[in-house]
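Thank you all for making time this morning. I would like to walk you through one structure, going slowly from its salt bridges to its helices and then to a few single residues.

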Amino acid sequence: MTIHESEMRVFLPPVALAERATVSSMEAYTAMCTAADEDYEGFWAKLANENLHWHKPFTKTLNESDAPFYRWFDDGRLNVSYNCLDRNLQHGNADKTAVIFEADDGEITNITYSDMHERVCQFANGLKSLGIKKGDRVVIYMPMSVEGIVAMQACARIGATHSVVFGGFSAKSLQERIIDAGAVAVITADEQVRGGKRLPLKTIVDEAINGDVCDFVRNVIVYRRTGGDVEMIADRDLWLHEVIADQPADCEPEWVDAEHPLFILYTSGSTGKPKGVQHSSAGYLLWAMLTMKWTFDIKPTDIFWCTADIGWVTGHTYIAYGPLAVGATQIVFEGVPTYPNAGRFWDMIAKHKATIFYTAPTAIRSLIKAADADAEVHPKKYDLSSLRLLGSVGEPINPEAWMWYYRNVGNEHCPIVDTFWQTETGGHMITPLPGATPMVPGSCTMPLPGIMAAVVDETGNDLPNGQGGILVVKRPWPSMIRTIWGDPERFKKSYFPEELGGKIYLAGDGAVRNDKTGYFTITGRIDDVLNVSGHRMGTMEIESALVANPLVAEAAVVGKPDETTGESICAFVVLKRARPSGEEARQIAKELRDWVAREIGPIAKPKEIRFGDNLPKTRSGKIMRRLLRVLAKGEQITQDISTLENPAILQQLKTVVTT
């Protein structure tokens, strides 16, 4: 893999931040890594004892007897909600703001830790009054809201395993997840509000569970968000405010085993039966806390903002659990970054004095395009001086977007933590540490202490730095996926394949390490590593080259079968100006192909370029690359596209520009 010249720019941590940072130097980072290498179990045991409240202390750190079904802190007992809430009350944070909630229309509500504890306890008691108990599964299909977080924490408090389903999923997708989890209850809302529009939730739940196929669902609990007209089914449906009415404001936590399933989260975009990633209680919470401290360098005075939805793992770890577990104040936002205009994020940072901002490259790129089109929504128009740290999550961030983010949002003084991790890993795995790691645009840099990441070939042999291969983790770690819910064989085949020895975690991503720094760069999913005439190239590398062109706002690259080269490159491109057509489109396509040839080499030139006003994205902003692969092949789309924000865009992207 070619490392772009632009990726070799190095940005050192700000001195003032490093002086106060949790991990304040590369020497400190190296010492932590050495401690993990020399006494792996002792390293994790010390962190678990220092960071978690144990109702019953553990005596065994790691149980590998049934690998790859690893068990951590096996004989210990604790409660996740207690660790997130009660400890804050005990440590003097009762009156500290836990959540600054900003609704879609701009209305602001502040929730203290005392308020949050009371709400969670009342909700937990309400669930218990319905007969919901430890080990039951509860599906949560909610808008971004304080109530959604409270629902998750209430389940954790009574030992029920929650499964949050993103509010943009269709009735069919919701039904699949309810069935797979065997949920006894669904918690939802009448409607959700996004971008000034009301979107139904309760009616989708009704469609998902009506009939015999989900007759095991005993209750549907409905949060009245808008007061919209919804049908309430007798003996099944209950209003949330009635469920919690007159419930005690205290609820004794259910003390559970360390390995008790805290939640199941279904991976998006999977084919066939949904894949339910099962996470434990203790190991998951430990890593949520540690990454808040290490990656985000969280301080008591910080105002933390993660823009994710609770329907995704980022919203679990860095909204519902991590910030509360470390006693942080966080912003929770109901709406979208472009309503009422594309300056909404910047306005909120300025208004709430956010100090840490964590968002996705997709959002950054769309806001770059908006800022280029309208100077009034450019981040430089807002007072963002409160920021001290920026983060990126969801996919690799291309170097040009990294530089724009660094210059225009961070004003060249905020480190950017480019975090690589997955639903399955529970939290960050490879990321810069803001007070220690010299940053390189486009690289997630180095693994966190205790994460034994490596780049190997198809048989598990280590590859030299500079040579692209498969990303793996060689030792288990506390927050890792425990199994696929109800499908242990699929778990082993997907994540611990026999070809790699059966005990090495397969991340499913390609990666390369810089031969000078040892820094990791993620090249995309293994099936997104293209093989063109025997040359292996990551789609991310080509996308980065395209986006580096001043004409391009956003790009996505996929492979398509080619009789001559085995695989050819198809690029879907959004320009910073109107979508071109005819001769103009051909001229721009030629310019972009030549540009890529100059940036990477002639072998990387896209054979096809297709222009669109946007890319197909879910309502959470994730590019649906599987649909792009179908379009590239010229096949009919048969997959569920109900989660698409902009389904009409698919027709545009069928048009191939020939040069």
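Let us begin with a salt bridge in this predicted model, the one in which the side chain of arginine 625 meets that of glutamate 395, with 2.9 Å from N to O. Arginine 625 belongs to helix α18, which covers residues 625-633, while glutamate 395 sits in the loop between β19 (389-392) and α14 (399-409), so this pair ties together parts that are 230 residues apart in sequence. Are these two partners buried or exposed? Arginine 625 has a relative accessible area of 16% and is buried, because the cut-off for that word is under 20%, and glutamate 395, at 17% relative accessibility, counts as buried too.

This pair also has company, for Arg625 and Glu395 are linked with Arg365, Glu543, Glu554 and Lys617 in a network of salt bridges. Over the model, the count of salt bridges comes to 41.

Two further examples may help you to see what such pairs look like elsewhere. In one of them, aspartate 613 and arginine 579 join their side chains in a salt bridge of 3.5 Å, again from N to O. Aspartate 613 is placed in the loop between β30 (608-611) and α18, and arginine 579 in the loop between β29 (566-575) and α17 (582-599), so here the parts tied together are 34 residues apart in sequence. Aspartate 613 is partly exposed, at 38% relative accessibility, and arginine 579 is partly exposed as well, with a relative accessible area of 39%.

In the other example, the side chains of aspartate 594 and lysine 605 form a salt bridge at 3.8 Å, N to O. Aspartate 594 is in helix α17 and lysine 605 in the loop between α17 and β30, with 11 residues from one to the other along the chain. Both count as partly exposed, with a relative accessible area of 23% for aspartate 594 and 26% for lysine 605.

Now please turn to the helices. Which residues of helix α16 are buried? They are Thr539, Met540, Glu541, Ile542, Glu543, Ser544, Ala545, Leu546 and Val547, and since that makes 9 of the 9 residues of this helix, α16 is largely enclosed by the rest of the structure. You have already met Glu543 as one of the members of the salt-bridge network.

How do helices α4 and α11 lie with respect to each other? The axis of α4, residues 80-90, and that of α11, residues 313-325, come within 8 Å and cross at roughly 45°, and the two helices are therefore oblique to each other. Their crossing is left-handed. On the α4 side the contact is made by Val80, Asn83, Cys84, Arg87 and Asn88, and on the α11 side by Tyr321, Leu324 and Ala325. If you sort these contact residues by character, you find 5 nonpolar, 2 polar and 1 charged. When you look at the spacing of such residues along a helix, keep in mind that an α-helix has 3.6 residues a turn, so residues three or four places apart point the same way.

Let me finish with some details of the backbone and the loops. The peptide bond from alanine 67 to proline 68 is cis, with omega near 10°, and proline 68 is found in the loop between β1 (62-63) and β2 (71-72). The bond from tyrosine 339 to proline 340 is also cis, with omega near 0°, and proline 340 is in the loop between β17 (329-333) and α12 (344-352).

Aspartate 235, although it is not a glycine, has a positive phi of about 70°; this aspartate lies in the loop between β11 (219-223) and β12 (237-239), and at 79% relative accessibility aspartate 235 counts as exposed. Asparagine 411 likewise has a positive phi, near 55°, in the loop between α14 and β20 (416-418), and asparagine 411 is partly exposed at 48%.

Finally, alanine 103, in the loop between β4 (97-102) and β5 (108-112), is buried with a relative accessible area of 7%. What does alanine 103 contact, leaving aside its neighbours within four places in sequence? The partners are Arg225, Phe333, Glu334 and Arg344, and the C-alpha atom of alanine 103 is separated by 8.5 Å from that of valine 332, although the two are 229 residues apart along the chain.

Note on methods: Residues numbered from 1 in each chain as written. Predicted model: local features only at pLDDT ≥ 70, side-chain atom pairs only at ≥ 80, totals over all residues. Heavy atoms only, no water. Salt bridge = Lys/Arg side-chain N within 4 Å of Asp/Glu carboxyl O. Helix = DSSP H or I, 4+ residues; strand = E, 2+ residues; numbered from the N terminus. Buried < 20%, exposed > 50% of the residue type's maximum accessible area, 1.4 Å probe, protein only. Axes fitted to C-alpha atoms, helices over the stretch in contact; angles between N-to-C directions. Parallel < 35°, antiparallel > 145°, perpendicular 65-115°, else oblique. Left-handed = near helix turned anticlockwise from the far one by under 90°. Contact = heavy atoms within 4.5 Å. Nonpolar A, V, L, I, M, F, W, Y, C, P; charged D, E, K, R; others polar.
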